[in-house]
Amino acid sequence: MSGRSGGVWLRAAACLALILFLFGCALHLAPLPRQSSLRLSDAVQDGDATRRASMRLLLQGLDADVAGRSNAALSSYERAIQIDATNPYAYLALARHEVDAEHWDRASEALHQAALLFGEEGAPGVGAHLDGLRGAAALGKGYGAEAEPLLDRASRLAPSVWSDGRLSP
């Protein structure tokens, strides 16, 4: 190889290394992907008869919450868990209800159980809700430094849902 063609190859390799470096930086700095919305009505027919019954009660509870019937909602969530104690959505809805009621410790317990049942993979849209509800519970307990990154992450993952820092039924 002549000196001139060796220099061209060296410059090309340096350019390629720079491009790969910048691409790697862009990937590292890229915003978190937005999560699809969690729609419990899409999951109501999934699973066995026990799970479906639990999901129907869960939806009844959400309807009661929207209508302002807090006690009926709580009763539905608790019955949904009694019927299927492995239903992570029931614990997630219960946690949201407890956050709204400012029962921070009960909300944290329900969130812990939901996270365990969802596991590492979770379900589409669940991560934002877990983070947001954890953040809301931490904020309610007076742990603002712990709450801020969780609420920020929730609003970046699901801006249309968490833009106001609350999860409605």
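**Stop 1: helix H7**

Select residues 126-140, which form helix H7. H7 has 15 residues. From first C-alpha to last, H7 reaches 21 Å, close to the 21 Å expected at 1.5 Å a residue. Keep in mind that this is a predicted model.

Is H7 enclosed or open to the outside? Buried residues make up 11 of its 15, so H7 is largely enclosed by the rest of the structure. Colour the buried ones: Val-126, Ala-128, His-129, Leu-130, Asp-131, Gly-132, Leu-133, Gly-135, Ala-136, Ala-137 and Ala-138.

What covers these buried residues? Show H5, H6, helix H8 (144-157) and helix H9 (159-162), which are included in the cover.

Now step past the end of H7 to Gly-142. The phi of Gly-142 is positive, near 95°.

**Stop 2: H5 against H7**

Add helix H5, residues 88-100. The axes of H5 and H7 come within 10 Å and cross at roughly 30°. An angle under 35 degrees counts as roughly parallel, so H5 and H7 are roughly parallel to each other. Their crossing is left-handed.

Which residues make the contact? On H5, pick Tyr-89, Leu-92, Ala-95, Arg-96 and Val-99. On H7, pick Val-126, His-129, Leu-130, Leu-133, Ala-136 and Ala-137. By class, this contact has nine nonpolar, one polar and one charged residues.

**Stop 3: Ala-95**

Zoom in on Ala-95, in helix H5. Its relative accessible area is 0%, so Ala-95 is buried. Which residues does Ala-95 touch, leaving aside neighbours within four places in sequence? Label Ala-107, Ala-110, Leu-111 and Leu-133. Leu-133 is one of the H7 residues in the contact with H5. Ala-107, Ala-110 and Leu-111 lie in H6.

Try a distance too. Draw a line from the C-alpha of Ala-95 to the C-alpha of Gln-113. These two are 18 residues apart in sequence and 9.6 Å apart in space.

**Stop 4: H5 against H6**

Select helix H6, residues 104-118. H5 and H6 pack at an angle of about 160°, with their axes 8 Å apart. That makes H5 roughly antiparallel to H6. The crossing is left-handed here as well.

Show the side chains where they meet. From H5, take Pro-88, Tyr-89, Tyr-91, Leu-92, Leu-94, Ala-95, Glu-98 and Val-99. From H6, take Trp-104, Arg-106, Ala-107, Ala-110, Leu-111, Gln-113, Ala-114, Leu-117 and Phe-118. Colour them by class: 14 are nonpolar, one is polar and two are charged.

**Stop 5: Glu-102**

Move to the loop between H5 and H6, where Glu-102 is found. Is Glu-102 buried or exposed? At 55% relative accessibility, Glu-102 counts as exposed.

Look at its backbone next. Glu-102 has a positive phi of about 60°, although it is not a glycine. Most residues other than glycine have a negative phi.

**Stop 6: helix H3**

Select residues 49-66, helix H3. At 1.5 Å a residue, its 18 residues should span 26 Å. The end C-alpha atoms are 26 Å apart, which agrees.

Which residues of H3 are buried? Colour Arg-51, Ser-54, Met-55, Leu-57, Leu-58, Gly-61, Leu-62, Ala-64 and Asp-65. Just after H3, click on Gly-68. Gly-68 takes a positive phi of about 85°.

**Stop 7: H3 against H5**

Keep H3 on screen and bring back H5. Their axes come within 9 Å and cross at roughly 20°. H3 and H5 are therefore roughly parallel to each other. The crossing of H3 and H5 is left-handed.

On the H3 side, select Arg-51, Met-55, Leu-58, Leu-62 and Asp-65. These meet Pro-88, Tyr-89, Ala-90, Ala-93, Arg-96 and His-97 in H5. By class, the contact has seven nonpolar, one polar and three charged residues.

**Last stop: the whole chain**

Zoom out. How many helices and strands does the protein chain have? The count is nine helices and zero strands. Of the 169 residues, 34% count as buried. Now think about contacts in the chain with a separation of 6 or more. Residues 24 or more positions apart account for 54% of them.

Key
Residues are numbered from 1 along each chain as its sequence is written. This is a predicted model: local features need pLDDT of at least 70, side-chain atom pairs count only at pLDDT 80 or more; totals for chains, interfaces and linings use all residues. Side-chain values use heavy atoms; hydrogens and water are left out. Axes are lines fitted to C-alpha atoms, for helices over the stretch in contact, and angles run from 0 to 180 degrees between N-to-C directions. Helices (H or I, at least four residues) and strands (E, at least two) are DSSP runs, numbered from the N terminus. Angles under 35 degrees count as roughly parallel, over 145 as roughly antiparallel, 65 to 115 as roughly perpendicular and the rest as oblique. A crossing is left-handed if the near helix is turned anticlockwise from the far one by less than a right angle, and right-handed if clockwise. Contact means heavy atoms within 4.5 Å. Ala, Val, Leu, Ile, Met, Phe, Trp, Tyr, Cys and Pro count as nonpolar, Asp, Glu, Lys and Arg as charged, and the others, Gly among them, as polar. The expected span of a helix is 1.5 Å times one less than its number of residues. Buried means under 20% relative accessible area, exposed over 50%, partly exposed in between (1.4 Å probe, protein chains only).
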